[in-house]
Amino acid sequence: MRIGSVLLSLLLLGGCAQVRSVPAGENRPGPAAQHPRFGTPRRFDADLLRWRLAGAQRGVPGPRLPAIPPPRRVDCRTHKCVALTFDDGPAEYTGHVLDLLAAHHARATFFLLGQMITNETRDFVWRMAAEGHEIGNHSWDHASLAGLSPDALRHELDRTQDAVRKVTGVRMRLMRPPYGATNQTVDNETKQTGLAQILWAVDTLDWLNRNPTVIAQRSAAAKPGDIVLMHDIHPTTVQALPRLLDELDHKGFTYVTVSELLGDTAPGKKYTNK
Ligand code: NI
């Protein structure tokens, strides 16, 4: 990983903090025709989830939640498959992303930061699972894993595995190293944790260029079998989604999760596309 990339990536974290402090009204896209006004995102039945989690903590089984749909069998040799991926959430725009994906019957993959899973965002995590999206591990706090000791690295992964399992019951099988920074230690620890390392073929640079048109163009340039990197923490990425989904629809793409794209993955191994 080049030093420049690391520095640019550190800007991403700064951007993340900035975005979260923007007043809600300013996050709404403008009235331009190609940017629909997003209403209040549909939330999973937060009360039901809260009740169930509270019951689980007391050892009392709560009400049944909807079943999580299994991965579909999609033959990506005969379908034009693309795996859209969203990193660094769950956050305040994640519900909008889920609404837009649902409108296009699109499944995607979310690489979550454990520390972002809060009382405010955990129903989005449940919605991801319940709506057939895949959830992957993006570390606890976006640490550059390649700079950590094996113990610290394992802690980053395990805490996030636990946080997602607590909300959804899902044991994640994929991870994405923050900044794409990986090395032999990351290879070893992800292998032992049972996580394949998922990189990307198309980088939209949506954290750097906060321009929905540019983000949509870059995503729509995906080739069949590509994994596309985006971040659901940026409002401009959400604004880009209707257009990029329309363009990929027009090109005949099928939206698949990373595991639907790759099939069986080997823990520790790195993947960028099919
Ligand atoms: Ni990230």
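Partly exposed, as used here, covers a relative accessible area that is neither under 20% (buried) nor over 50% (exposed). With that in hand, Glu247 at 27% counts as partly exposed. What you're looking at is a predicted model. Here's a quick tour of its disulfide, its nickel site, some of its salt bridges and one helix pair.

**Disulfide**

- How many disulfides turn up? A search of the whole structure gives 1.
- The bond links Cys76 to Cys81, with 2.1 Å between the two sulfur atoms.
- In general terms, a disulfide is a covalent bond joining the sulfur atoms of two cysteines.
- Turn about the S-S bond of Cys76 and Cys81 and you get a torsion of about -90 degrees, so this disulfide is left-handed.
- Both ends are tucked away from solvent by the accessibility rule: Cys76 is buried at 18%, and Cys81 is buried at 1%. Cys76 gets that label because its 18% falls under the 20% cut-off.

**Nickel site**

- Which protein atoms hold the nickel ion? The donors are OD of Asp88, NE2 of His138 and NE2 of His142, at 2.0 to 2.2 Å from the ion.
- Along the chain, the donor residues follow the pattern D-x49-H-x3-H.
- The two histidines are both buried: His138 has a relative accessibility of 2%, and His142 has 3%.

**Salt bridges**

- As a reminder, side chains of opposite charge can pair when their charged atoms come close.
- The total for the model is 11 salt bridges; a few of them are picked out below.
- Right beside one of the disulfide cysteines in numbering, Asp75 pairs with Arg77, with closest N and O atoms 3.1 Å apart. Asp75 is partly exposed at 30%, whereas Arg77 is exposed at 75%.
- Arg154 and Glu189 make another salt bridge, with 2.9 Å between the closest N and O atoms. Arg154 sits in helix 6 (residues 150-168) and Glu189 in helix 7 (residues 184-193), so this pair ties together parts 35 residues apart in sequence.
- Is each partner of that bridge buried or partly exposed? Arg154 is partly exposed at 23%, while Glu189 is buried at 10%.
- Glu247 and Arg243 meet through their side chains at 3.1 Å, N to O. These two residues both belong to helix 9 (residues 235-250) and are 4 residues apart, about one turn of the helix.
- Like Glu247 at 27%, Arg243 is partly exposed, with a relative accessibility of 29%.
- Elsewhere, salt bridges with shared partners join Arg72, Arg107 and Glu260 into one network.

**Helix 6 and helix 7**

- Two packed helices are described by the angle and the distance between their axes.
- How do the axes of helix 6 and helix 7 cross? They come within 10 Å of each other, at an angle of roughly 40 degrees. That makes helix 6 oblique to helix 7, because roughly parallel would call for an angle under 35 degrees.
- As for handedness, the crossing of helix 6 and helix 7 is right-handed.
- This is the helix pair that the Arg154 and Glu189 salt bridge ties together.

Conventions
Residues are numbered from 1 along each chain as its sequence is written. This is a predicted model: local features need pLDDT of at least 70, side-chain atom pairs count only at pLDDT 80 or more; totals for chains, interfaces and linings use all residues. Side-chain values use heavy atoms; hydrogens and water are left out. A disulfide is a pair of cysteine sulfur atoms within 2.5 Å. Buried means under 20% relative accessible area, exposed over 50%, partly exposed in between (1.4 Å probe, protein chains only). Donors are N, O and S atoms within 2.8 Å of the metal (3.2 Å for Na, K and Ca); water is not among the atoms, so sites may look incomplete. A salt bridge is a side-chain nitrogen of Lys or Arg within 4 Å of a carboxyl oxygen of Asp or Glu. Axes are lines fitted to C-alpha atoms, for helices over the stretch in contact, and angles run from 0 to 180 degrees between N-to-C directions. Angles under 35 degrees count as roughly parallel, over 145 as roughly antiparallel, 65 to 115 as roughly perpendicular and the rest as oblique. A crossing is left-handed if the near helix is turned anticlockwise from the far one by less than a right angle, and right-handed if clockwise.
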